[in-house]
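Work through these exercises with the model open beside you. Try each task before reading its solution.

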Amino acid sequence: MLEQEFPGASGAISPIRGGRQAAEQQIRKIDGKRYARSRDHLNGAVTGLSPYIRHGVLTLAEVRDAVFQSINNRDDGSKLINELGWRDFWQRMWQELGDHIDDDQEVFKTGHSASSYSRELPDDIRDGCTGLACMDGFREELVSTGWLHNHARMWMAAWLVHWRHVHWKAGADWFLEHLLDGDPASNHLSWQWIASTFSHKPYFFNRDNLERYSGGNFCKSCSSANHCPFDASYEQLETKLFAQRVPIRDVPARRQGHRSKSTARPNPSTQRF
Amino acid sequence: MDLKQPIVWVHEESLGSTNPALEDYPEAPALFVFDQDWIDSKHISRKRLGFLYECCLDLPVTIRKGNVVAEVLAFANRYGADGVISSGAVEPRLQRHGAAINRDCPLWILDGEPFVELPRAPRLGRFSRYWREAEPVVWESYKASG
Ligand SMILES: Cc1cc2nc3c(=O)[nH]c(=O)nc-3n(C[C@H](O)[C@H](O)[C@H](O)COP(=O)(O)OP(=O)(O)OC[C@H]3O[C@@H](n4cnc5c(N)ncnc54)[C@H](O)[C@@H]3O)c2cc1C
């Protein structure tokens with residue numbers, strides 16, 4: 001029916017099933033305590049509920065109550081409830097911003113101007129032939145299932161914006177073509193959080209971080225493992241990726257420990273949200 | 001004043017059995033429309049369409065595709081409806097559809113259970129500010145339920 005009715009739509013059906021039954025199967029597996037310990041790992045106990053929440057198959061209130069039922073004390077559930085809070089927060093932001101959600105919320109804190117970022121998604125990324133096993137792997141999962149782990153979304157977005165110098169909106173629009181949970185609120189504002197147009201500093205990562213939370217699975221088989229663009233310390237990457245901000249005016253020499261704020265670059269963020 | 005013979009318009013943010021319009025008006029004919037303009041302009045993939053379709057199959061809805069406003073009004077017309085019942089939407093596109101429907105046929109919006117009900121609009125801007133106000137209230141219902 002879908003092929004007949006929507007001949008223009010691309011791709012195949014996702015293995016993730018829609019509907020209440022599929023949603024209930026997932027919600028029964030919620031384990032707040034395990035979630036808190038493992039959610040940053042690609043194979044962690046994340047819920048997979050986002051497509052159902054996005055489309056109202058489950059309300060956030062139902063998921064909240066399911067979390068409460070899965071825990072014995074508040075500490076065990078606070079992480080997962082916090083993440084549900086993120087969804088609620090982005091939705092409220094969207095309500096307030098309306099169509100302005102498509103705009104940069106603030107200036108980039110990367111030292112680069114908004115106009116320096118490419119507005120086109122490069123073909124090698126769209127086609128999944130960048131030669132980076134991790135990024136090509138994430139692209140494959142995104143395109144074939146319509147879902148990606150939060151950490152994979154963060155790495156991919158950071159790589160696109162900070163390494164490939166693609167404007168967040170080009171990447172965000174591409175995500176929305178594929179994500180079953182695709183939602184300009186969570187999606188655009190997360191991309192902006194990473195890009196630094198909705199945060200105090202850009203988010204980036206390095207190979208150690210990706211290897212650790214992906215169980216090293218990509219690096220083992222990666223043809224670029226010996227010239228990996230992420231294989232550096234945070235300090236090295238910071239120098240490479242972000243432009244030094246030019247002082248607004250010449251700052252007179254100061255005593256040590258009193259560097260002027262206007263010349264200092266904001267510390268980039270390596271923490272997840 | 002109550003609507004005597006309404007129809008229900010179900011949209012992409014409320015494809016569940018807890019949809020308040022479906023819950024409160026179980027007898028009313030209900031409609032879901034695949035928004036052709038949105039699908040074309042955003043290049044929505046078949047995965048997403050398949051997912052939405054499977055969600056609709058669980059619900060007592062007629063499925064159409066095309067221009068959402070025109071389809072909803074035609075459906076209302078066919079049933080001689082005196083109004084349309086729907087659920088709240090955050091997406092501006094859906095809000096615009098609602099406003100356009102309401103110009104020709106009264107639209108009633110019902111809200112479902114919120115994640116957290118705050119006494120006054122929270123301060124947004126950054127998550128931490130919002131969460132400082134919202135988190136304690138969310139957890140009140142844990143104490144109440146446990
Ligand atoms: C670049 C980028 C793009 C994103 N785009 C979307 C999007 O289009 N739609 C979307 O729903 N989420 C988006 N997220 C947020 C998050 O990645 C997904 O909600 C989460 O990975 C979905 O998997 P899950 O259901 O297993 O989440 P879990 O970790 O199990 O969390 C449970 C639920 O909490 C909510 N949630 C969790 N983390 C976040 C978060 N960081 N922000 C907002 N809500 C959260 C989701 O509704 C999720 O289903 C994006 C994040 C990034 C970094």
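**Exercise 1. Find the partner of A:Arg54 in a salt bridge, and place the pair between the domains of chain A.**

Solution.
- Start with the pair. In this predicted model, A:Arg54 forms a salt bridge with A:Asp183. The closest N and O atoms are 3.9 Å apart. The cut-off is 4 Å, so the pair counts.
- Now place the two residues. Domain 1 of chain A covers 2–98, and domain 2 covers 101–250. A:Arg54 therefore falls in domain 1 and A:Asp183 in domain 2, given the domain bounds of the assignment.
- Count the bridges. Across the interface of these two domains, the rule finds 2 salt bridges.
- Add the polar contacts. The interface of the two domains has 12 residue pairs in polar contact, both residues at pLDDT 80 or more.

**Exercise 2. Describe how domain 1 of chain A meets domain 2 of chain A: which elements take part on the domain 1 side?**

Solution.
- Take the polar pairs as the starting point: there are 12 of them across this interface. On the domain 1 side, H4 and H6 of chain A are the elements that give two or more residues.
- Look for the largest share. H6(A) supplies it, with 7 residues.
- Sort the residues of this side by type. They divide into 11 nonpolar, 7 polar and 4 charged.
- Count both sides. Here 22 residues of domain 1 are in contact with 26 residues of domain 2.
- Turn to area. About 2100 Å² is buried between the two domains, and carbon and sulfur atoms give 64% of that area.
- Finish with the spacing. The domain centres, taken over C-alpha atoms, are separated by 23 Å.

**Exercise 3. State how many residues each chain brings to the contact of chain A and chain B, and which elements of chain A take part.**

Solution.
- Count the residues. Chain A brings 66 and chain B brings 49.
- Find the area. About 5100 Å² is buried between the chains, with 58% from carbon and sulfur atoms.
- Count the charged pairs. The rule finds 7 salt bridges across this interface.
- Inspect one of them. B:Glu113 forms a salt bridge with A:Arg64, the closest N and O atoms being 2.8 Å apart.
- Count the polar pairs. There are 28 residue pairs in polar contact between the chains, both residues at pLDDT 80 or more.
- List the elements. On the side of chain A that touches chain B, two or more residues come from each of H1 (2–5), H2 (20–28), H4 (50–54), H5 (60–70), H6 (74–97), H8 (133–145) and H10 (168–178).
- Pick out the largest share. H6(A) gives 16 residues.
- Sort this side by type. Its residues divide into 27 nonpolar, 25 polar and 14 charged.

**Exercise 4. Decide whether A:Ser14 is buried or exposed, then trace its contacts.**

Solution.
- Locate it. A:Ser14 lies in the loop between H1 and H2 of chain A.
- Check accessibility. The relative accessibility of A:Ser14 is 3%, so A:Ser14 counts as buried.
- Follow the side chain. The side chain of A:Ser14 reaches the backbone nitrogen of A:Ile16 at 2.9 Å. A polar atom of that side chain also lies 2.7 Å from the backbone oxygen of A:Thr145.
- Look further along the sequence. Leaving aside neighbours within four places, A:Ser14 is in contact with A:Ser144, A:Thr145, A:Leu180 and B:Lys47.

**Exercise 5. Place A:Lys169 and name its polar partner.**

Solution.
- Locate it. A:Lys169 is found in helix H10 of chain A.
- Check accessibility. A:Lys169 counts as buried because its relative accessibility is 16%, and the cut-off is under 20%.
- Find the partner. The side chains of A:Lys169 and A:Asp173 make a polar contact at 2.9 Å.
- List contacts beyond four places in sequence. These are A:Asp102, A:Arg119 and A:His188.

**Exercise 6. What is phi of A:His165, and what is phi of A:Ser196?**

Solution.
- Take A:His165. Its phi is near 55°, a positive value in a residue other than glycine. A:His165 lies in the loop between H9 (150–163) and H10 of chain A. At 23% relative accessibility, A:His165 counts as partly exposed.
- Take A:Ser196. Its phi is near 95°, again positive in a residue other than glycine. A:Ser196 sits in the loop between H11 (184–195) and H12 (207–213) of chain A. With a relative accessible area of 0%, A:Ser196 is buried.

Notes. Residues numbered from 1 in each chain as written. Chains lettered and ligands numbered in written order. Predicted model: local features only at pLDDT ≥ 70, side-chain atom pairs only at ≥ 80, totals over all residues. Heavy atoms only, no water. Contact = heavy atoms within 4.5 Å. Buried area = accessible area lost by both parts, 1.4 Å probe. Salt bridge = Lys/Arg side-chain N within 4 Å of Asp/Glu carboxyl O. Polar contact = N/O pair within 3.5 Å; in protein donor to acceptor, adjacent residues only side chain to side chain. Helix = DSSP H or I, 4+ residues; strand = E, 2+ residues; numbered from the N terminus. Nonpolar A, V, L, I, M, F, W, Y, C, P; charged D, E, K, R; others polar. Buried < 20%, exposed > 50% of the residue type's maximum accessible area, 1.4 Å probe, protein only.
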